[in-house]
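Open your viewer and switch to a cartoon view. This tour moves from stop to stop, and each stop tells you what to select.

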Amino acid sequence: MKVFKFGGASLESVERIKQVAQIVQSFPDDKLLIVISAMGKTTNELEKVAQNFYMRKREIAAQLLYNVEQQHIQVAESLLGNREHPLFQQLQQFFTEAEWTLGEKPLRAYDYYYDQLVSMGELLSTAIVSAFFNTIGLSNTWVDVRDVFRTDDNFRDANIDWAFTQKQVTEKVVPLFNQTNIVIAQGFIGSTDQNESVTLGREGSDYSAAVFANMLDAESQTIWKDVEGLKNADPKLFPNTVNIPEISYGEVIEMAYYGAQVIHPKTIKPLQNKQIPLLVKCFLDKNLPGTVIREQADVRQLPPIIVLKRNQVLLTLTSKDYAFITEDKISDIYETFHRLKVKINLMQNGAITFSCCIDHNPEKIELLIKALHNDFKISYNEALELLTVRYYQDGLLEDLSNHHTVLLEQRSKVTVQRLLKK
Ligand SMILES: Nc1ncnc2c1ncn2[C@@H]1O[C@H](COP(=O)(O)OP(=O)(O)O)[C@@H](O)[C@H]1O
Ligand SMILES: N[C@@H](CC(=O)OP(=O)(O)O)C(=O)O
């Protein structure tokens with residue numbers, strides 16, 4: 001059994017979906033559990049539907065939902081050639097459910113409504129791909145993963161109930177492979193014990209695939225991307241990147257931790273637990289070797305690995321009473337950040353100052369200031385970039401920081417981080 005994951009980029013047009021079908025056709029002898037994300041940027045569009053609904057801008061929300069509907073119907077029509085197929089009823093049902101939600105008064109928390117609306121992207125894409133595959137001879141079974149992935153009600157970042165979900169996978173998903181060699185399921189979504197839809201955190205389909213791989217004891221998981229494999233930096237941000245043929249789980253966790261937006265950070269652990277290799281392959285050319293991520297990878301040959309996080313803010317807290325920044329003060333500060341769910345990307349303290357770098361989020365900064373202003377004078381510096389280089393070489397570091405002022409720096413033997421201002 002192999003687990004494949006196709007993300008939004010691989011489904012962003014009719015041509016790309018046909019290309020995905022060709023890839024799947026080249027594995028005729030394998031049992032495949034295929035996890036699929038929403039098409040293209042659908043999740044972003046559905047987020048806007050949810051935001052407008054919650055701000056009681058119903059007409060705008062309805063119009064945005066209609067746009068999503070039309071895009072999907074057009075893609076489905078191009079792939080299937082007509083509107084007679086039962087798929088169109090299935091799509092209509094998803095839209096009707098979303099319209100019902102839009103008709104409600106938003107009495108519950110925003111995150112709940114977000115999940116009810118945004119989870120639709122994966123239901124639509126999987127329904128379309130499944131119907132298309134069946135019409136071209138890629139016989140498959142479509143699964144509503146909300147009947148399989150049981151979670152808590154931590155909406156927008158729900159946590160999987162492993163024991164219950166494993167039972168569902170064994171009892172409901174495994175038998176499906178007696179009917180077809182291919183089973184198609186949604187990434188990114190699940191359901192509570194009250195049958196409410198949940199999402200697992202943005203870009204969470206890699207993680208969904210890893211949960212399936214773990215529970216099905218898959219021989220491998222492959223995520224199909226628009227890049228030749230895992231590279232030493234994001235090729236959209238840096239011109240001369242190189243492909244990494246082989247890398248360890250631990251190294252990929254480090255990259256994700258520092259902000260590399262290529263593999264969801266939660267993906268590695270379920271695979272590592274069962275020593276299942278993670279392959280990153282290119283859907284544009286499946287013959288490229290890609291990257292193998294596993295425990296015993298040869299890391300001696302790793303190039304410098306570069307991660308750039310943009311849109312960062314440096315927050316500086318200075319104690320008002322000139323008291324030292326001691327352990328108890330740091331503990332209070334961390335407690336506040338934890339309570340407000342603000343992640344610290346880099347921190348440093350001096351005698352009476354505590355400085356940290358966080359993602360730019362004006363609402364969160366306002367809440368932090370409110371919570372901390374009694375004890376601290378607070379200043380902040382916006383529009384910064386956090387550069388992380390592992391296995392750094394000084395020449396490279398200087399090149400990457402050229403024309404920037406370094407506001408904060410931290411070095412260990414392996415990793416250097418610099419907070420840069422243009
Ligand atoms: N180190 C890296 N190696 C390869 N790609 C990277 C890296 N860091 C960031 N990326 C970006 O990840 C993108 C692919 O991931 P993503 O867009 O999430 O795919 P999908 O949504 O299809 O799963 C690439 O287009 C690339 O710009
Ligand atoms: N569609 C979701 C989940 C996901 O993982 O998408 P992608 O595989 O395209 O990154 C998102 O955009 O967050």
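In which loop is the place of aspartate 217? Select aspartate 217 and look: its place is in the loop between α8 and β7. Keep in mind that this is a predicted model.

**Stop 1: three residues with positive phi**

Stay on aspartate 217. Its phi is near 50°, a positive value in a residue other than glycine. Most residues other than glycine have a negative phi. Aspartate 217 is exposed, because it has 9 other C-beta atoms within 10 Å, and 12 or fewer count as exposed.

Now select asparagine 195. You will find asparagine 195 in the loop between β5 (189-191) and β6 (197-199). Asparagine 195 has a positive phi of about 65°, although it is not a glycine. Is asparagine 195 buried or exposed? Asparagine 195 counts as exposed, because it has 8 C-beta neighbours inside 10 Å.

Go on to histidine 403. Histidine 403 comes just after α13 and takes a positive phi of about 65°. Select α13 itself, residues 394-401. How many of its eight residues are buried? The count is zero, and the helix is hardly covered.

**Stop 2: the open sheet**

Next, colour the strands of the eight-stranded sheet. The sheet is open, and its pairing is mixed. Trace the order across it: β3-β4-β2-β1-β7-β9-β10-β8. Which strands are at the edges? They are β3 (140-142) and β8 (246-248), and each pairs on one side only. Neighbouring strands of this sheet are turned by 20° against each other on average, direction ignored.

Zoom in on the β8 edge. Strand β8 pairs with β10 (residues 291-294) in the parallel sense, over three bridges. Select isoleucine 247: its bridge partner in β10 is isoleucine 293.

Now add helix α8, residues 205-215. Which strands does α8 lie across? They are β1 (2-6), β2 (32-36), β4 (182-186) and β7 (220-225). Compare α8 with β1: the helix runs at about 170° to this strand.

**Stop 3: a helix with two sides**

Select helix α4, residues 87-103. It has 17 residues. From first C-alpha to last, α4 reaches 25 Å, close to the 24 Å expected at 1.5 Å a residue.

Show the side chains of Leu87, Leu91 and Ala98. These residues of α4 are buried. Why do they sit on the same side of α4? They cover an arc of only 30° around the axis, and this puts them on the same side.

Turn the helix around. On the other side of α4, Gln89, Gln92, Gln93, Thr96, Trp100 and Gly103 are exposed. What covers the buried residues of α4? The cover includes α3 (58-80), α5 (110-118) and α6 (120-135).

Move to α3 and pick glutamine 63, which has its place in this helix. Glutamine 63 counts as exposed, because it has 12 C-beta neighbours inside 10 Å. Now draw a distance line from glutamine 63 to threonine 353. These two are 290 residues apart along the chain, and their C-alpha atoms are separated by 49 Å.

**Stop 4: the two domains**

Zoom out. Colour domain 1 (2-225) and domain 2 (305-421) separately. How far apart are their C-alpha centres? The centres of domain 1 and domain 2 lie 37 Å apart.

**Stop 5: antiparallel strands**

Select β11 (residues 305-319) and β14. They run antiparallel and are joined by 12 bridges. Find lysine 309: it stands opposite leucine 386 in β14.

Follow β14 (residues 376-390) to β16 (residues 415-421). These strands run antiparallel, with six bridges between them. Two pairs to click are threonine 388 with glutamine 417, and valine 389 with valine 416. In each pair, the second residue is the bridge partner in β16.

Finish with β15, residues 405-411. Six bridges join β15 to β16, and the two run antiparallel. Threonine 405 has lysine 421 as its bridge partner in β16. How many residues does the hairpin from β15 to β16 pass through? The hairpin joins the two strands through three residues.

Terms used
Residues numbered from 1 in each chain as written. Chains lettered and ligands numbered in written order. Predicted model: local features only at pLDDT ≥ 70, side-chain atom pairs only at ≥ 80, totals over all residues. Pairing = 2+ DSSP bridges. Helix = DSSP H or I, 4+ residues; strand = E, 2+ residues; numbered from the N terminus. Axes fitted to C-alpha atoms, helices over the stretch in contact; angles between N-to-C directions. Contact = placed C-beta atoms within 7 Å. Domains from an automatic or database assignment. Expected span 1.5 Å × (residues − 1). Buried ≥ 20, exposed ≤ 12 C-beta atoms within 10 Å, placed from the backbone. Arc of directions from axis to C-beta.
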